[in-house]
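Me: I'm new to this one. Could you pick a single part and take a close look at it with me?

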Amino acid sequence: MVYVMIKELSPSADEVIIVTSSLMKDMTSKTDMYRANAIRVLCRITDGTLLTQIERYLKQAIVDKNPVVASAALVSGIHLLQTNPEIVKRWSNEVQEAVQSRAALVQFHALALLHQIRQNDRLAVNKLVSSLTKGSVRSPLAQCLLIRYTSQVIRESANNNQAGDRPFYDFLEGCLRHKAEMVIFEAARAITELNGVTSRELTPAITVLQLFLSSSKPVLRFAAVRTLNKVAMTHPMAVTNCNIDMESLISDQNRSIATLAITTLLKTGNESSVDRLMKQITNFMSDIADEFKIVVVEAIRSLCLKFPLKHRSLMNFLSNILREEGGFEYKKAIVDSIVILIRDIPEAKESGLLHLCEFIEDCEFTYLSTQILHFLGIEGPKTSDPSKYIRYIYNRVHLENATVRAGAVSTLAKFGAMVDTLKPRVFVLLRRCLFDNDDEVRDRATLYLNTLGGDGAVVETGEDVKEFLFGSLDIPLEPSEEDFDINSVPKEVKTQPLAEKKAPGKKPTGLGAPPAGPPSTVDAYEKLLSSIPEFANFGKLFKSSAPVELTEAETEYAVNVVKHIFDGHVVFQYNCTNTIPEQLLENVTVIVDASEAEEFAEVASKPLRSLPYDSPGQTFVAFEKPEGVPAIGKFSNMLRFIVKEVDPSTGEAEDDGVEDEYQLEELEVVAADYMLKVGVSNFRNAWETMDADCERVDEYGLGPRESLAEAVNAVINLLGMQPCEGTEVVPNNSRSHTCLLSGVYIGNVKVLVRLQFGLDGPKDVAMK
């Protein structure tokens with residue numbers, strides 16, 4: 001126990017001398033257990049200086065007759081190799097002697113250390129493997145290591161070896177006849193994992209794995225079936241001989257083994273065996289956990305795509321298990337599989353959609369119901385008889401919660417837009433939805449009736465209606481094999497009214513001011529910045545600020561700046577307008593002094609070639625900052641340009657100009673610039689689902705304030721977050737108020753804030 005404690009406590013520099021002198025005495029003790037433990041502890045707590053003093057003892061310990069002492073020294077050498085490689089490499093002769101030891105563990109540890117000493121010398125590793133494969137290794141553990149090192153040599157020599165034969169393959173094949181099961185399995189697995197392995201090379205490995213399938217030991221059955229499962233992905237025909245043995249494993253008590261057997265059979269089975277397999281799987285599914293069921297469902301999906309003619313029986317199977325008990329992830333995996341089969345096998349569309357319709361009659365998961373309705377709205381109108389789905393959809397309007405009812409209304413509208421014969425029936429059903437007790441359902445029904453022309457409204461063109469109903473939301477709603485990426489979703493919501501009219505008499509503002517129309521400002525800015533070569537490699541744009549005015553109104557030159565935030569850069573876009581008709585400005589730049597922003601370094605600028613009267617233009621300056629760090633600072637700005645006089649009668653500028661400067665206001669990059677305003681629909685749910693370990697609570701005195709409302713607005717602006725549920729509004733004469741904020745911080749970190757304000761005295765405001 002004392003040895004264990006010393007090892008864990010790691011004595012400090014002033015204590016270590018006392019401890020080490022005591023341990024060095026133990027190294028020469030007559031009790032082998034003391035010697036072994038002293039070696040382990042000393043090597044854990046010593047530095048390089050002391051190690052040279054005890055090196056002689058360690059070398060002797062490596063070749064000690066007692067295997068416990070020898071193993072302790074060898075394992076210590078493996079650890080010391082990370083910190084003191086030069087010292088350990090001097091022990092090669094002793095380690096090589098230990099490799100010949102008759103003690104199984106000593107040989108195992110010695111081989112591991114010897115390989116680590118030589119691992120950066122390919123020729124030395126080749127020699128080691130070549131000498132040991134001739135039969136001097138007795139320990140099964142060491143033999144397993146040797147098989148792994150041999151596989152590594154085979155892999156590395158594969159590129160240089162032009163002949164067909166593999167070096168050392170005979171050794172691997174010979175290990176398949178070893179008396180130790182672990183060695184046989186290690187060799188079989190090594191052969192199956194060889195690059196470009198042929199059927200002839202695989203056969204002996206598959207044969208021994210097949211024998212393991214009928215072993216009485218669960219660990220051997222599991223190891224064999226898992227290896228065969230991997231082989232089936234690349235060489236399904238090589239595994240077919242094991243199918244009868246694997247079918248008997250479907251009823252194995254170990255559910256992991258049974259699941260691997262099922263999924264392997266699904267990969268290796270042929271078209272004629274599909275029906276028989278389905279019967280066996282049906283009984284098996286009720287006995288396994290959801291996590292295993294999901295693996296089986298994915299395997300069935302792959303089988304159906306492989307044999308599309310069998311879609312009917314496989315789709316029926318998926319439909320049956322969809323109606324059985326199960327958790328959300330399991331049901332979602334089945335729905336996703338049916339959706340993929342509908343999309344990829346045209347003959348499966350109608351039966352698959354009906355199965356989904358029947359499922360939502362009893363579906364307890366709101367998310368799945370809305371996803372199915374969305375998919376039904378896309379695929380249903382394209383079938384030969386779309387009318388048969390209307391009943392299922394309209395039933396959702398009566399029998400479900402508000403979220404699903406709203407989804408059903410949208411799906412009805414899509415059928416009305418795509419199928420002319422169904423339009424009158426859809427109008428009747430949508431009018432009934434106008435009396436629903438939920439705002440969202442009524443609003444959608446009203447919107448779609450107007451869009452489709454069901455209430456005498458001006459009907460949009462068919463293309464407009466379809467774009468509105470089926471156009472991309474820029475959010476992947478349908479099941480996908482790829483992980484969802486938040487970066488693929490635009491940072492601001494697009495607003496695209498169907499019939500948009502331009503206000504008469506309004507001048508186009510260009511990018512001098514942020515686009516106020518339908519396209520997302522972030523998208524427009526990102527397009528602009530990526531088109532400038534100097535900024536093209538800055539990565540994904542995280543946020544663009546609102547324009548900050550750097551000049552007062554009614555001055556000769558109007559300049560505002562937009563701050564574009566990237567992970568490792570900040571780009572200032574100076575939007576300039578020349579308000580003097582008799583002047584033309586050329587070579588317009590902004591000279592930025594960043595002396596009060598120490599973490600920023602200017603890396604690029606893009607001047608504006610020409611700035612005529614009343615025609616906005618942009619000049620850019622880019623700064624590098626530490627990546628992912630919310631660096632802040634203050635920047636001084638000076639507008640520099642060449643001014644040329646313009647003849648009012650001809651509108652032509654003079655050839656010669658004068659260099660001039662114009663002082664602009666200071667600009668600050670603040671913490672709020674690294675926060676995106678992103679709201680949440682249900683703050684309480686979002687708050688409760690976040691981990692309590694991520695929470696930080698603090699109290700602040702905000703000092704005297706004009707009012708509670710002014711204090712609330714000041715904090716919201718300081719944090720740069722989105723107020724939720726209307727909590728930014730403070731009722732009159734309130735002495736306390738709670739405000740809820742939501743946002744996404746740079747690095748896509750979700751942030752929620754609950755602010756509690758209270759008046760402390762007449763005007764002092766306290767905040768938690």
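**A close look, starting from one arginine**

Reply: Let's warm up with Arg396, which sits in helix H24, residues 390-399 (helices, H or I, are DSSP runs of at least four residues, and strands, E, of at least two, numbered from the N terminus). The model is predicted, so local features need pLDDT of at least 70 and side-chain atom pairs 80 or more, while totals for chains, interfaces and linings use all residues. Residues count from 1 along each chain as its sequence is written, and side-chain values use heavy atoms, leaving out hydrogens and water.

Arg396 has a relative accessible area of 1%, so it's buried (under 20%; exposed is over 50%, partly exposed in between, with a 1.4 Å probe and protein chains only). Between Arg396 and Ala408 there are 6.2 Å from C-alpha to C-alpha, though they're 12 residues apart in sequence.

Now for the main stop, helix H3, which covers residues 32-45. Its 14 residues should span 20 Å at 1.5 Å a residue, and that agrees with the 20 Å between its end C-alpha atoms (the expected span is 1.5 Å times one less than the residue count). Buried along H3 are Arg35, Ala36, Ala38, Ile39, Val41, Leu42, Cys43 and Ile45.

Tyr34 belongs to H3 too, but its relative accessibility is 42%, so it counts as partly exposed. Together with Met33 and Val68, Tyr34 makes a nonpolar surface patch with about 290 Å² of accessible area (Shrake-Rupley, 1.4 Å probe, only the protein chains shown as cover). Patch residues have over 30% relative accessible area and no salt bridge, with nonpolar side chains (Val, Leu, Ile, Met, Phe, Trp, Tyr) joined within 5 Å and like charges within 9 Å; a salt bridge puts a Lys or Arg side-chain nitrogen within 4 Å of an Asp or Glu carboxyl oxygen.
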